[in-house]
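Grab your viewer and work through these exercises on the model below. Each one comes with a solution you can check as you go.

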Amino acid sequence: MVTRLQAQAGACGFSTCGSSEAALDGWATASALYSHALLLAPTSGNAHNQLAVIAQHRRCFHAACMHYCCALSALSPFETSRSNLASMLRSKALSALLSG
């Protein structure tokens with residue numbers, strides 16, 4: 001079952017937890033490699049963190065949020081994702097406040 005967040009991430013053309021890469025932008029190769037890393041090390045949060053960083057560069061914040069959460073909830077969480085997620089959310093909140 002695809003969650004609403006995964007569907008929104010897919011709408012951004014960004015691979016979600018384990019789905020295939022569809023985007024053909026400058027980040028496609030890195031994204032494909034980190035998606036493959038998820039298959040090789042599914043219990044590690046590292047690849048999810050990297051996919052989140054790529055999603056932020058693509059300005060696909062739903063996918064970034066999902067990957068940061070996956071990175072933090074993995075069996076071997078990638079703890080830096082906590083500060084990355086907090087920083088992204090603060091930035092988005094500030095942007096929302098300033099835009100009215």
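**Exercise 1.** Work out how the span of helix α2 (residues 28-40) compares with what is expected at 1.5 Å a residue.

*Solution.* This is a predicted model, so take the coordinates in that spirit. Start by counting: α2 has 13 residues. Next, go from its first C-alpha to its last, which gives 18 Å, close to the expected 18 Å.

**Exercise 2.** Find out which residues of α2 are buried and where they sit around the axis.

*Solution.* Step one: with buried meaning under 20% relative accessible area, the picks are A28, S31, S35 and L38. Step two: these residues cover an arc of only 75 degrees around the axis, so they lie on the same side of α2. Step three: flip to the face turned away from that buried side, and you'll hit the exposed residues T29, L33 and L40. Finally, ask what the buried residues pack against: that's α3 (46-57).

**Exercise 3.** Describe the surroundings of N49 in helix α3.

*Solution.* N49 has a relative accessible area of 3%, which means that N49 is buried. Now list what N49 touches, skipping residues up to four places away in sequence: Y68, A71, F78, S81 and N84. Take Y68: 19 residues along the chain from N49, yet the two C-alpha atoms are separated by 5.6 Å. Closer in sequence, the side chains of N49 and Q50 share a polar contact of 3.0 Å.

**Exercise 4.** Track down the salt bridge formed by R82.

*Solution.* Side chains of opposite charge can pair when their charged atoms come close. Here R82 pairs with E79, with the closest N and O atoms 3.0 Å apart. Using a 4 Å cut-off, the count comes to one salt bridge. Last check: E79 has 46% relative accessibility, so E79 counts as partly exposed.

How values were computed: Residues numbered from 1 in each chain as written. Predicted model: local features only at pLDDT ≥ 70, side-chain atom pairs only at ≥ 80, totals over all residues. Heavy atoms only, no water. Salt bridge = Lys/Arg side-chain N within 4 Å of Asp/Glu carboxyl O. Buried < 20%, exposed > 50% of the residue type's maximum accessible area, 1.4 Å probe, protein only. Helix = DSSP H or I, 4+ residues; strand = E, 2+ residues; numbered from the N terminus. Expected span 1.5 Å × (residues − 1). Arc of directions from axis to C-beta. Contact = heavy atoms within 4.5 Å. Polar contact = N/O pair within 3.5 Å; in protein donor to acceptor, adjacent residues only side chain to side chain.
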